[in-house]
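User: Please go through the terms applied to this model and set each value against its definition.

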Amino acid sequence: MKDCIVVGAGVSGLVTARELERRGRSVTVLEARDRVGGRTLSPSFGGARLDVGGQWIGPRQRHIAELVRELGLATFPQHHAGSKLLARGEDTVRYGGVFAFPRMSPWAMIDLLLARRRLARSLAELEPERPWASRDARAWDALTFEAWMNKNIRTQGARFLLSNVVRAVVAAEPEEISFLFFLDFLRRGGSLDETVGIPGGAQETRIVEGMQSVSERMASALGEAVHLGEPVRAIHQRDRWVEVITDRETHTGRFVVVSVPPAIAARIRYGVSLGRDRERLMDRLPMGSVIKFVVQYETPFWRQAGLSGEAASDRGIILMTMDATAANGSVAALVAFSLGKQGRYWAKRPPEERKRAALAELTHLFGPKAAHPVRFEEKVWVDDPWTGGCYCAVPGPGTLTSFGDALRASCGRIHWAGCETALEWPGVDGAVESGKRAAGEVQGRLAVETSRTMEVRA
Ligand SMILES: Cc1cc2nc3c(=O)[nH]c(=O)nc-3n(C[C@H](O)[C@H](O)[C@H](O)COP(=O)(O)OP(=O)(O)OC[C@H]3O[C@@H](n4cnc5c(N)ncnc54)[C@H](O)[C@@H]3O)c2cc1C
């Protein structure tokens, strides 16, 4: 019997296993896919690995930064020099330099600045560990972000920008998410500007070897403890151990850490009830919707035209783009995202139609050279059976204030990890943070049980 069975070999599961193994505990990691990394995936584009999953690290994200250093991986700054583009209908505006926002009417600009101030004031009032227990949490959690905009935003320009910010950062529609959730998301990012920003913001840095290499390095150190292609179907708790049942065999451990997204964890059978709150919570945490495209070109021709590669559009398949060129410049690429409702619509279309539409939009934004890629790669996360969407879970109104305390609370011998359970940034950094927390919880309980056994023997 192992000290701990870990379900999932994404960043959080592998950190859990690594931390426990470092403390002398025995672990088995069970992963459904035939690869590690979960929501991070970095295929090779010849000279470099580029990310079709999680990609960026911000300066506040100390957990992932420390892990990257420990694993001997290198980072480099996200390219951002040059003008940005904003396409609305047939109009495309070029902006940048001293203008952080595209030019808009003075009314829209004032509206946006006031909204930014209101958001900053409200997020400063949140309780970091339990935002759902903050003074105004109930009122905020009763609203969608759309309803908050209806009350607080007067101009079309500010509404358009804020709606796109929501889609870009949580991959859901303003009418789908709780205002409390979004406010807490911005708190974890530091502020609205830091959450969406490149230098000084959450998109500041990339990993030279690709984000998936974080998981690959941890998995290779764990060796045979990591089992691929073993989806966990059921977990049964006994008095002193757990049985974890996969398609291949039954694993026994003293504890189990489930590190998969809550909506995916709901598909595992648990034998006995996990408790009303935990069960309701898992039923109410849908994932965001993302299709990510990485499009490789002969040269970064947009840079030569004075463009940064950053664009936002409301014209169809692509909501935003960024430069995705490799650190040493050997592979030139743009990355593009289809998000929220748009992502769900395009996920249903045939791949060839998606490719045609994406290249047409890139051509509209960046000119005729964009029509001729060297390679076109897409990942439809919306349809991924082991993730159920991306980037992360997006609670609607009422979920956090009713069931928030169940997010991290263990259920008997079952503990929970995964970026959804993080206190800080709910991305790769939060996955690392949650893995450390879950490992600490299990280590604490193992120590208590060991000392009890020794007392009984004495
Ligand atoms: C397109 C995209 C872009 C993103 N961009 C960023 C970014 O720039 N910065 C950032 O910080 N974050 C980003 N994210 C989010 C980030 O990738 C995730 O927050 C993080 O990787 C989650 O790690 P995790 O370990 O919590 O979960 P996961 O990576 O989902 O790991 C869970 C693992 O469990 C496995 N699993 C599921 N069910 C079972 C089962 N029944 N049995 C066994 N195994 C199972 C899964 O296959 C998976 O490997 C992005 C995500 C996507 C998809």
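**Cavities, pocket, ligand and backbone**

User: How many residues line the largest cavity, and which lie nearest its centre?

Analyst: The lining of the largest cavity has 22 residues, and Phe 181, Arg 188, Leu 400, Leu 407 and Glu 420 lie nearest the centre. This is a predicted model, in which local features need pLDDT of at least 70 and side-chain atom pairs count only at pLDDT 80 or more, while totals for chains, interfaces and linings use all residues. Residues are numbered from 1 along each chain as its sequence is written, and side-chain values use heavy atoms, without hydrogens and water.

User: What makes a space a cavity, and how many of 30 Å³ or more does the structure hold?

Analyst: On a 1 Å grid over the protein atoms alone, a cavity is a set of points where a 1.4 Å probe fits but cannot get out, and lining residues have an atom within 4 Å of a point. The structure holds three cavities of 30 Å³ or more. The largest contains about 230 Å³ of space, a volume being the space filled by probe spheres set on the points, which are joined across faces, edges and corners.

User: Why is the largest cavity said to lie between domains, and which helix gives the most to its lining?

Analyst: Domain 1 (2-38 + 211-274 + 411-457) and domain 3 (103-196) both give residues to the lining, so the largest cavity lies between them; domain bounds come from an automatic or database assignment. Helix α7 (residues 179-189) gives the most, with five residues; helices (H or I, at least four residues) and strands (E, at least two) are DSSP runs, numbered from the N terminus. By class, the lining has 16 nonpolar, no polar and six charged residues. Here Ala, Val, Leu, Ile, Met, Phe, Trp, Tyr, Cys and Pro count as nonpolar, Asp, Glu, Lys and Arg as charged, and the others, Gly among them, as polar.

User: What is known of the second largest cavity?

Analyst: The second largest cavity holds about 60 Å³ of space. Its lining includes Arg 60, Arg 188, Glu 194 and Trp 425, and it divides into three nonpolar, five polar and three charged residues. Domain 2 (75-100 + 199-207 + 288-386) and domain 3 each supply at least three residues to this lining.

User: What makes a space a pocket instead, and which residues line the second largest one?

Analyst: A pocket is an open set of points with protein on both sides within 12 Å along at least five of seven lines. The second largest pocket has a volume of about 200 Å³. Its lining consists of Met 1, Arg 240, Arg 254, Glu 449, Arg 452, Thr 453 and Val 456, and α16 gives the largest share, four residues. Four lining residues are charged, two nonpolar and one polar.

User: How do you know that backbone atoms make polar contacts with the ligand?

Analyst: A polar contact is a pair of N or O atoms within 3.5 Å. A backbone N or O atom of Val 11 is 3.3 Å from a ligand oxygen, one of Ala 32 is 3.1 Å from a ligand nitrogen, and a polar backbone atom of Val 232 is 2.8 Å from a ligand nitrogen. The ligand alone exposes 1000 Å², of which the protein buries 97%, by the Shrake-Rupley method with a 1.4 Å probe.

User: Why is the ligand placed between domains?

Analyst: Domain 1 and domain 2 both give residues to the shell around the ligand, so it lies between them.

User: What makes the bond from Cys 390 to Tyr 391 noteworthy?

Analyst: Most peptide bonds are trans. The bond from Cys 390 to Tyr 391 is cis, with omega near 0°, and Tyr 391 lies in the loop between β15 (375-380) and α15 (399-403).

Technical notes:
Polar contact = N/O pair within 3.5 Å; in protein donor to acceptor, adjacent residues only side chain to side chain.
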